[in-house]
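Thanks for coming. I will take a few minutes to walk through one structure, which should be on your screens now.

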Amino acid sequence: MKMKIIGLAAVSILLSSVIWQACSDRSATEKTALNKGKIDFNYHVKPILSDKCFACHGPDVKKRQAEFRLDTEEGAFKALKSDSNHYAIVRGNAEESFLVKRIFSEDPLFRMPPAESNLVLTDQEKDILKKWIEQGAEYKKHWAFIPPVKPEVPEVASDWGVNEIDRFVLVKLRENDLEPSAEADKERLIRRVSFDLTGLPPTLEQVDAFLKDDSGEAYEKLVDELLASTAYGERWANYWLDVSRYGDSHGYQDDLPRVMWPWRDWVIHAFNKNLPYDEFVTWQLAGDLLPDATLEQILATGFNRNHKITQEGGAIPEEYRTEYVVDRTNTFGKAFLGISVECSRCHDHKYDPISQKDFYSIYSFFNQAKEKGLINYGELPKPNIAITQSVADNILQFVNKKTIGAKDTVKVMVMRDDQPRKTFVLERGVYDAPTNVEVSAGAPQAIMPYDKNKYGSNRLGLAKWLFAPQNPLTSRVIVNRLWQEIFGRGIVATSDDFGNQGALPTHPELLDYLSVEFREKGWDIKALLKLMVMSSTYRQSSASNKKLREADPGNIYLARSSRYRLNSEMIRDNILFSSGLLHDELGGPSVKPYQPEGLWEAISVGLKGRGEPVYIADQGEKLYRRSLYTYWRKTIPPPSMLIFDAPMKEFCEVRRVRTSTPLQALNLLNDPQLLEAARVLGSKLVEQSSLSVEKKIELAFRKIISRQPEDHELEILLQGYHEEYDRFSADPAEAKKFLQVGAYPQNDKLDPLECAAMMHVVSIIYNLDEAISKS
């Protein structure tokens, strides 16, 4: 068959170019700085110092050499320990600065960084440091630790653009001798925005209505419709499950089942009702501590209990209780601050101004939980709340409990504090090695001072600190994450690291504008997402050309829309939705769709009856629910999702990587869920006897890709259909065998030869690069 499939190799080429772009971004910034003349500490100097110098001359006092540090202005300008008459940096005088002498030295014993560090400064980096000193060696606080100030929206002479985002983007484009691309065609645009806002493709009815509506409000009406759909809450809850390390089991060796899906139902509900982000986070961190806390607010604190929990005999309770508190501390840092605080568990951070004492000050907030480190086999961890049918009917009405039974009670882990517990810095982070350094609840001074009189000393106080107007990170971090999910890459590419080792923002003024706007407009997530998808920047075509590929292969300046693979859940949900198999019930317990036989048995060897050694797939409509509801066992996650880069969810993750591997192609070609969907859709098309084969294929293409096929595409698919029909005609038994996949019943009244041939064509469409990509 001559079907020309755009394979995953193309994705691999794109991935390589993006990696190359990420590595060259800073080099390009350095060249620009040298050419333009003005060196900026945050954007040009500190990245060099952080990469090449901070390991020995940075925040970690235990690793600091010669009592000299470059991470602070005070330390950098002190007299040298070896010679009090000389200084590493002399403002405006490179010749008298020992730093310049040592980095330019030809003597390997004198040159910095030393050879044993395996770190080398490039000639360009040396020139940057020298020129910075010549210009006065101005130090600045780390950009992310400076509270954002709303900049003026730039005035740009252009007819392009519809909102503030476009003004900032256009300025950056012109700085780099680029111009924006034309708007995407309406079919591609509706598919793009539908996946971004709901995680699902548009219906054919939505596509047709959008194509027919020539009014200036057509696109905005579509966006409002998508934001108002219940699928919106499911799509964004799916992202939050990565952040919250959600799972349906406890993890560790036994990995016993747990019930946390009512918390997941709350997350969906919170997104759908557009709960302001400050409340959304505060309820999860400290809903139980709010005055007159409601049951809904207490349920939200299940966020703090999504960590792994052991039930293994012989485990040391205090060791594991410590691990639970550490997990909450690390999650807080990554999820809400975009900072790797975990590096400070054992010692002062090597790159960021976060001391070990800072780590345990945050730890103290979560160290008060009323919990045990080890629970008995089959025991439900405390604290928890009970959800009865009456509670679900009258209080927590968003909890889908109808599949449980009216007489059953669902118990969900939540957060409650115990009697005050003292917190000490742990030597090397070990549970049984407390030092005599007692710490109280607090937060890193470098980010923003923590005023106990103003905020208090519990988790609610921590939430208040987090959303204080002067907190420099909170709004920037979540705005960047939302941008990442919409545009494919954050304004700060390292959305998990806003520290010294993280990437610099490509559009810093835009990030600050959106961050302040988001806060001033009441932390309204839907409003921010609407602003993003309504922009001309978002609506650009993803078509590239030689100039764009050479000037900006990673598309960091946004001269076009980025094209990239959908995440694992969207790929599967598109298959179910387009075939008509998707059961769109909202909320409820997790389900077990198809997965390879024997997987759990092979990995669960040695459990001796404990846990869930055997995977038993569900039946009926449970096989066809959105991927959000797929049962997630922490030690053995759904393999097809892992193949397409879903995280394990044992720890907080805020950014999924995108890889390109042969396993992904093999999965799409052989996954029974896809083959069943192809069979079901193919048979439904065969049932439409009034349509020609060509029209049936055209309809399949539109259902899956959301656009009309080009003539040459349709010709190839039609040829493929006839080739497969002839092949099956020569072996009818093979056709019947081919159709025997999946639990959904086959209409035996239909011609198996037609059904098998059409199933094959639909399967090919599902395997097209465009079917699994956002463009």
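Before we start, one cut-off: a residue counts as buried when its relative accessible area is under 20%, as exposed when that area is over 50%, and as partly exposed in between. By that cut-off Arg 345, at 16% relative accessibility, counts as buried. Please also keep in mind that this is a predicted model.

Let me stay with Arg 345 for a moment. Its side chain meets that of Glu 323 in a salt bridge, at 2.7 Å from N to O. Arg 345 sits in the loop between α15 (317-337) and α16 (356-366), while Glu 323 belongs to helix α15, so the pair ties together parts that are 22 residues apart in sequence. Glu 323 itself is partly exposed, with a relative accessible area of 29%.

How many salt bridges does the structure hold? The number is 43. I will pick out a few others.

Arg 656 takes part in two that I want to show. The first is with Asp 242, where the side chains meet at 2.7 Å, N to O. Arg 656 is in the loop between α27 (639-643) and α28 (662-670), and Asp 242 is in helix α11 (residues 230-243), so this salt bridge ties together parts that are 414 residues apart in sequence. The second is with Glu 569, and here the closest N and O atoms are 2.8 Å apart. That pair also links distant parts of the chain, since Glu 569 is in helix α25 (residues 568-579), 87 residues from Arg 656.

Are these three residues buried or exposed, or something in between? Asp 242 counts as buried, at 3% relative accessibility. Glu 569 is buried too, with a relative accessible area of 3%. Arg 656 is partly exposed, at 21%.

There is also a network of salt bridges, which links Asp 185, Arg 188, Arg 707, Glu 713 and Glu 770.

Back to α11, the helix that carries Asp 242. It has 14 residues and reaches 21 Å from its first C-alpha to its last, close to the 20 Å expected at 1.5 Å a residue. Of those 14 residues, 13 are buried, so α11 is largely enclosed by the rest of the structure. Just after the helix, Arg 245 takes a positive phi of about 50°.

That brings me to backbone details. Two other residues have a positive phi although neither is a glycine: Asp 292, at about 50°, and Asn 555, at about 55°. Asp 292 lies in the loop between α13 (277-286) and α14 (295-300), and at 76% relative accessibility it counts as exposed. Asn 555 lies in the loop between α24 (546-551) and β5 (564-565). Asn 555 is buried, with a relative accessible area of 4%.

Now the cis peptide bonds. One runs from Met 112 to Pro 113, with omega near -5°. Pro 113 is found in the loop between α5 (98-103) and α6 (123-134). Another joins Lys 382 and Pro 383, with omega of about -5°. Pro 383 has its place in the loop between α16 and β1 (384-387).

Next, the interior. Which members of the largest nonpolar core touch the most other members? They are Trp 266, Tyr 277 and Trp 465, in a core of 135 residues. Helix α15 gives the most to this core, with eight residues. Take Tyr 277 as an example. Leaving aside neighbours within four places in sequence, Tyr 277 is in contact with eight residues I can read out: Trp 240, Phe 336, Phe 467, Thr 474, Ile 478, Phe 518, Trp 523 and Ile 525. Apart from the largest core lies another, of 51 residues, and among them are Leu 674, Leu 699, Leu 714 and Ala 757.

Last, a pocket. The second largest pocket has a volume of about 630 Å³. It is lined by 32 residues, and the closest to its centre are His 57, Ala 66, Phe 68, Arg 102 and Met 112. Met 112 we met already, at the cis bond to Pro 113. Helices α2 (41-52), α3 (54-57) and α5 each supply at least two residues of the lining. The largest share, four residues, comes from α5.

That is what I had.

How values were computed
Residues numbered from 1 in each chain as written. Predicted model: local features only at pLDDT ≥ 70, side-chain atom pairs only at ≥ 80, totals over all residues. Heavy atoms only, no water. Salt bridge = Lys/Arg side-chain N within 4 Å of Asp/Glu carboxyl O. Buried < 20%, exposed > 50% of the residue type's maximum accessible area, 1.4 Å probe, protein only. Expected span 1.5 Å × (residues − 1). Core = buried A, V, L, I, M, F, W, Y, C linked by side-chain atoms within 4.5 Å. Contact = heavy atoms within 4.5 Å. 1 Å grid on protein atoms, 1.4 Å probe; cavity = no way out; pocket = protein on both sides within 12 Å on 5 of 7 lines; lining within 4 Å. Points joined across faces, edges and corners; volume = space filled by probe spheres on them.
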